[in-house]
Amino acid sequence: MSNPAEGQKNATPIVGILMGSDSDLPTMKEAAQILEKFAIPFEIEVTSAHRSPARTHEYATTAIARGLKVLIVAAGGAAHLAGVVAALTTLPVVAVPIASTLLNGLDSLLSTVQMPAGVPVAAMAIDKPGAVNAGIYAAEIVATFDSRVAHLLAEYKVELARGVAEKNNRVKQQFAGKA
Ligand code: RP5
């Protein structure tokens, strides 16, 4: 296959991105873009713990049989979606608290992170940084059984460090000869 993106489109999804509403999509696109970067096949679903509980139940209880390995789950406000999904599957659930209400995501963060013992979710940061990290975290789980993804993640770390070195150079140049 010459184009990894084409292969990704045709392959069976191994990561599911779930969100409580289409209003979460501008944030969750960040997670999708990370999975695209690493050519990890994924699917996206809008389903709600509160508004479509039967659909959420069906999705979570069939996820393993459909070949999914990790679920990234985003919701805002009374953010119960990740917890409900985690209650219904043994797949790892990576949760993204969305800043979609007047409380700016603090509500979502507390709803997400305060899971009772026995039903964990991996809670990311609020909103876009959390969505990016959810994509990376899911890739790290995939990398435990896919050496191609492990290699790409190692390159990504090098890319991050190079970015910091470039920022460092720019800052130093601004102050060069001023001491
Ligand atoms: C949550 O309620 C969703 O995840 C979203 O963040 C929030 C608002 O949903 P909408 O009213 O925009 O559909 O369930």
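## The largest pocket and its ligand

The largest pocket has a volume of about 250 Å³. Fifteen residues line this pocket, and those closest to its centre are Gly20, Ser48, His50, Arg51 and Gly76. By class, the lining holds five nonpolar, eight polar and two charged residues. The model is predicted.

What takes up the space of the largest pocket? The ligand does.

Which residues surround the ligand? They are Gly20, Ser21, Ser23, Asp24, Arg51, Ala75, Gly76 and Ser100. One residue of this shell is nonpolar, five are polar and two are charged. Ala75 is the nonpolar member of the shell. Asp24 and Arg51 are the charged ones. Gly20, Arg51 and Gly76 belong to the shell, and these three are also among the residues closest to the pocket centre.

Polar contacts to the ligand are listed below. Each pairs a protein atom with an oxygen atom of the ligand.

| Residue | Protein atom | Distance to a ligand oxygen |
|---|---|---|
| Ser23 | polar side-chain atom | 2.7 Å |
| Asp24 | polar side-chain atom | 2.6 Å |
| Gly76 | polar backbone atom | 3.1 Å |

How much of the ligand's accessible area does the protein cover? On its own, the ligand has 370 Å² of accessible area, and the protein covers 70% of it.

Now the fold as a whole. The protein has seven helices and five strands. Along the sequence, these elements follow the pattern α-β-α-β-α-β-α-β-α-β-α-α. Helix and strand alternate from the start of that pattern, and two helices in a row close it. Taken along the principal axes, the C-alpha atoms fill a box of roughly 65 × 45 × 30 Å.

Conventions:
Residues are numbered from 1 along each chain as its sequence is written. This is a predicted model: local features need pLDDT of at least 70, side-chain atom pairs count only at pLDDT 80 or more; totals for chains, interfaces and linings use all residues. Side-chain values use heavy atoms; hydrogens and water are left out. A residue is near a molecule or strand if one of its heavy atoms lies within 4 Å of it. A polar contact is a pair of N or O atoms within 3.5 Å; within protein, one must be able to donate a hydrogen and the other to accept it, and residues adjacent in sequence count only if both atoms are side-chain atoms. Accessible areas come from the Shrake-Rupley method with a 1.4 Å probe; for residues, only the protein chains shown count as cover. On a 1 Å grid over the protein atoms alone, a cavity is a set of points where a 1.4 Å probe fits but cannot get out, and a pocket is an open set with protein on both sides within 12 Å along at least five of seven lines; lining residues have an atom within 4 Å of a point. A molecule sits in a cavity or pocket if more than half of its atoms lie within 2 Å of its grid points. Grid points are joined across faces, edges and corners, and a volume is the space filled by probe spheres set on the points. Helices (H or I, at least four residues) and strands (E, at least two) are DSSP runs, numbered from the N terminus.
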